[in-house]
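Subject: Structure for you to look over

Hello,

I am handing over the structure we spoke about, with the sequence alongside. My notes on what was found follow below.

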Amino acid sequence: MAAEYYRLNKDKVGELFERARADYDVVAKTRDANGNLVYGRPATFDDVAFVDEQPPMSAKAFALPQTETLVRYEREDEKIRAEGPEAEARDVLLFGVNICDAAAFDIIDHVFKWDYLDDPYLGRRADATLFALACAAVQQDCFCDRISYAEDGVDTVAYPLEGYYLVKVQTEKGRKLVERYHDLFDAEDGDAEAAINTFREKAGTAKKEPLLESARAGLEKAFEHADWEILASTCIGCGICTYTCPTCHCFDIQDEGSAIAGRRLRTWDHCTGRTFTAMPAHQPRDRQYKRYRQRLLHKFWYYPERFGPLLCTGCGRCITYCPVKINIKELVEYFGGLKDTPPGGARHGK
Ligand code: SF4
Ligand code: SF4
């Protein structure tokens with residue numbers, strides 16, 4: 001659909017949240033008992049953090065939970081009873097989600113509907129409406145300005161302008177949200193796209209050349225580059241980069257229980273882990289740098305080759321939270337030939 005634009009006065013956001021709770025299972029940013037910013041289910045708007053600050057964990061768990069039961073089974077006499085996952089009871093509204101988290105869903109949808117339709121994931125996606133809040137300033141380590149990921153699958157985006165939010169509606173789900181609470185919204189009759197562009201320039205989130213998509217040709221030539229070993233072997237395989245990432249989606253399947261009863265679980269997995277590709281007699285990625293190289297090349301070469309978009313929205317979390325400060329953006333620039341000097345200075349050389 002063609003985008004539509006509305007105004008939402010800043011003092012109406014709380015009412016929008018409270019009224020939406022009657023129709024949706026509303027997920028929003030809030031503070032946990034330790035004061036950390038998390039995506040959760042605050043009971044009132046007083047507990048909502050309607051801010052552009054990025055929580056350490058992305059929003060992906062609402063479509064791809066960290067652990068979920070795929071099937072439960074139980075033996076009764078000679079029969080086996082099996083039950084799949086229960087469908088969510090209510091539609092979810094992700095309220096105030098960062099754009100980099102919201103746009104990630106469209107990117108990973110490709111893999112969940114590629115050779116097999118992943119019903120649990122796709123069901124949750126179909127039932128979720130995204131109401132994103134644009135960042136008024138770049139976040140720590142974020143480089144969304146260097147990746148041209150599409151945002152048109154984000155149902156609505158609220159841009160905080162002087163005194164009101166300029167709300168851009170991009171999908172039918174977004175339109176339904178605005179129509180439901182239409183008395184809170186006014187039509188925007190100014191040049192909305194010009195206002196958005198100005199906002200993004202000021203925030204530092206407008207796209208800047210060279211985009212990291214242009215590193216692809218260089219990366220394809222750099223698979224055997226000697227510096228991978230030097231630059232990526234500090235990785236300790238902790239998986240923090242993967243778990244905090246909105247686009248990492250690899251999972252493991254495990255069974256637990258007995259012949260009488262049990263369940264099959266899906267859990268997040270990470271390619272930098274030592275056992276990720278281990279087979280009984282062989283580990284094809286036998287060194288840690290190869291595992292890190294896989295993560296980077298999957299995101300910036302293999303995934304776009306198969307599906308189109310980079311498997312990254314530039315949120316920067318994998319840089320911020322990496323305990324050994326590996327910087328994926330700088331590595332893409334270096335191995336992709338956009339910069340001559342490796343991260344950490346010229347000491348490594350080519
Ligand atoms: S790879 Fe890093 S910067 Fe890119 S989306 Fe994942 S966590 Fe964010
Ligand atoms: S790159 Fe950093 S965060 Fe990721 S697994 Fe390696 S050490 Fe952990």
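How do the residues of the shell around ligand 1 divide into nonpolar, polar and charged? Six are nonpolar, five are polar and two are charged. Please bear in mind that this is a predicted model.

Ligands

The shell around ligand 1 holds 13 residues, and the closest of them are C245, C312, C315, R317 and C318. Ligand 2 is likewise surrounded by 13 residues, with C235, C238, C241, T272 and C322 coming nearest. By class, the shell around ligand 2 has ten nonpolar residues, three polar ones and no charged ones.

Domains

The protein chain is split into domain 1, made of 4-57 + 87-203, and domain 2, which covers 212-335. Their C-alpha centres are 27 Å apart. Where the two touch, domain 1 contributes 22 residues and domain 2 contributes 20 residues. On the side of domain 1 that touches domain 2, 14 residues are nonpolar, five are polar and three are charged.

The eight-stranded sheet

Eight strands form an open sheet in the order β3-β2-β6-β7-β8-β9-β1-β10, and the pairing is mixed. Its edge strands are β3 (37-40) and β10, each of which pairs on one side only. From one strand to the next, the twist averages 25°.

At the β3 edge, β2 (residues 25-31) pairs with β3 in the antiparallel sense over four bridges. One position to look at is A28, whose bridge partner in β3 is G40.

Towards the other edge, β1 (residues 4-9) is joined to β9 (residues 164-169) by six bridges, and the two run antiparallel. Three bridges join β1 to β10 (residues 185-187), again with the strands antiparallel. R7 is a convenient residue for following both pairings: it stands opposite L166 in β9 and opposite D186 in β10.

Helix α5 and what follows

Helix α5 (residues 192-203) lies across β1, β8 (156-161) and β9, and runs at about 115° to β9. Does its length fall short of, exceed or agree with what its twelve residues should span? At 1.5 Å a residue the expected span is 16 Å, and the end C-alpha atoms of α5 are 16 Å apart, so the two agree. The expected value comes from multiplying 1.5 Å by one less than the number of residues.

Directly after α5 comes G204, with a positive phi near 85°. Further along, the peptide bond from E209 to P210 is cis, and its omega is near -5°. P210 is placed in the loop between α5 and α6 (216-221).

The four-stranded sheet

A further open sheet has four strands in the order β5-β4-β12-β11, with antiparallel pairing. β5 (79-83) and β11 (251-257) each have a single partner strand, so one side of each is left without a neighbour in the sheet. Neighbouring strands here are turned by 15° against each other on average, with direction ignored.

Going through the sheet in order, β4 (residues 67-76) pairs with β5 through five bridges in the antiparallel sense. Y73 has A82 as its bridge partner in β5. The loop between β4 and β5 contains D77, which has a positive phi of about 55° although it is not a glycine.

On to the next pair: β4 and β12 (residues 261-268) are antiparallel and share seven bridges. Within this pairing, E74 stands opposite A261 in β12.

Finally, β11 and β12 are joined by seven bridges and run antiparallel. D252 stands opposite T267 in β12. What do β11 and β12 form, and how many residues lie between them? They form a hairpin, with three residues between the two strands.

If you open the model with these notes to hand, the ligand shells are one place to begin: C245 is among the closest residues to ligand 1, and C235 is among the nearest to ligand 2. From there you could turn to the contact between domain 1 and domain 2, with its 22 residues from domain 1 and 20 residues from domain 2.

Regards

Note on methods:
Residues numbered from 1 in each chain as written. Chains lettered and ligands numbered in written order. Predicted model: local features only at pLDDT ≥ 70, side-chain atom pairs only at ≥ 80, totals over all residues. Near = placed C-beta within 6 Å. Nonpolar A, V, L, I, M, F, W, Y, C, P; charged D, E, K, R; others polar. Pairing = 2+ DSSP bridges. Axes fitted to C-alpha atoms, helices over the stretch in contact; angles between N-to-C directions. Contact = placed C-beta atoms within 7 Å. Domains from an automatic or database assignment.
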